[in-house]
Amino acid sequence: MPKKISTFTPKNSALLLIDHQTGTMQLIKNMPLAVVKRNALALAKVAKILNMPVVLTSSQEEMFQGPLLPELADIVPDAFAARIKRTGIVNAWDDKNFVTAVKKTRRKNLVMAGVTTDICLVFPAISAVRAGYRVQAVMDASGSPFELSEDMARRRMEGEGVVLTAANTVIAELASDWSLPVVAKVREVLQADVMGEVMPKHN
């Protein structure tokens, strides 16, 4: 097991986005699709601002799953170009290319989101913990077709030591200090993309 680190920071963490594909996203029914998409893209934006490693993976883009969200190509073009295209392996952690990409980040703290939660996130999140990583699973940047399968996946992850979190929480944790100049851009993403619907409006 890795040495326990109480806080996820940009210097000790990497972002892993799993199967945020145009077709797979349509399977999400337990929460609004627009919210999941907005939060996933916000995580990518924050990772870029904070210079965090980003690993993207997709499965069978030529099938119903479709390509990765095209916005990711604009936000993190290098990660998009280097994405791990799995040929059908369900658990991304079983794909040696994916694990190699994660190891290359040299980070033991992983911020993970996946679509769907009950298939694409639950298995690699648990596998990563078993491999000695500390994992925070961002639940509102993920989603499932059924409330029951979402709930079961959450219970299973928590039972294995995965920390469940939300986009605004993990972004604030990574930001750490709102007074830092670089973090001002993170705050803009948080306010506009994640908190936009609940932020007070100024006249």
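Let's begin with a word you'll need: a residue counts as buried when its relative accessible area is under 20%, as exposed when it is over 50%, and as partly exposed in between. Keep that in mind while we walk through this structure, which is a predicted model.

Start with the sheet. Six strands make it up, and if you read across them the order is β3-β2-β1-β4-β5-β6. The pairing is parallel, and the sheet is an open one. At its edges sit β3 (84-86) and β6 (163-165), each of which has a partner on one side only. Going from one strand to the next, you'll find a twist that averages 25°.

Now zoom in on one pair. Strand β1 (residues 13-18) and strand β2 (residues 54-59) run parallel, and four bridges join them. If you want a spot to look for, leucine 17 stands opposite leucine 56 in β2.

Next come two helices that lie across the strands. Helix α1 (residues 33-49) crosses β1, β2 and β5 (134-138), and its direction makes an angle of about 150° with β1. Helix α5 (residues 117-130) lies across β1, β4 (109-114) and β5, running at about 165° to β4.

The loops have some surprises. Most residues other than glycine have a negative phi, and most peptide bonds are trans. Asparagine 51, in the loop between α1 and β2, goes the other way: its phi is positive, about 60°, though it is not a glycine. Here's where our opening definition pays off: asparagine 51 has a relative accessible area of 65%, so it is exposed. Glutamine 60 sits in the loop between β2 and α2, and it too is a non-glycine with a positive phi, of about 50°. Its relative accessibility is 24%, so glutamine 60 counts as partly exposed.

For an unusual peptide bond, look between valine 115 and threonine 116: that one is cis, with omega near 10°. Threonine 116 belongs to the loop between β4 and α5.

Finally, have a look at the surface. Leu27, Met63 and Phe64 form a nonpolar patch there, and together they have about 310 Å² of accessible area. Methionine 63 is in the loop between β2 and α2, and it counts as partly exposed because its relative accessibility is 47%. Phenylalanine 146, in the loop between β5 and α6 (147-159), reaches 56%, so it counts as exposed. Its C-alpha atom is separated by 34 Å from that of leucine 50, a residue 96 positions away along the chain.

Note on methods:
Residues numbered from 1 in each chain as written. Predicted model: local features only at pLDDT ≥ 70, side-chain atom pairs only at ≥ 80, totals over all residues. Heavy atoms only, no water. Pairing = 2+ DSSP bridges. Axes fitted to C-alpha atoms, helices over the stretch in contact; angles between N-to-C directions. Contact = heavy atoms within 4.5 Å. Buried < 20%, exposed > 50% of the residue type's maximum accessible area, 1.4 Å probe, protein only. Patch = residues over 30% accessible without salt bridge, like charges linked within 9 Å, V, L, I, M, F, W, Y side chains within 5 Å. Areas by Shrake-Rupley, 256 points an atom, 1.4 Å probe, with all protein chains shown as cover. Salt bridge = Lys/Arg side-chain N within 4 Å of Asp/Glu carboxyl O.
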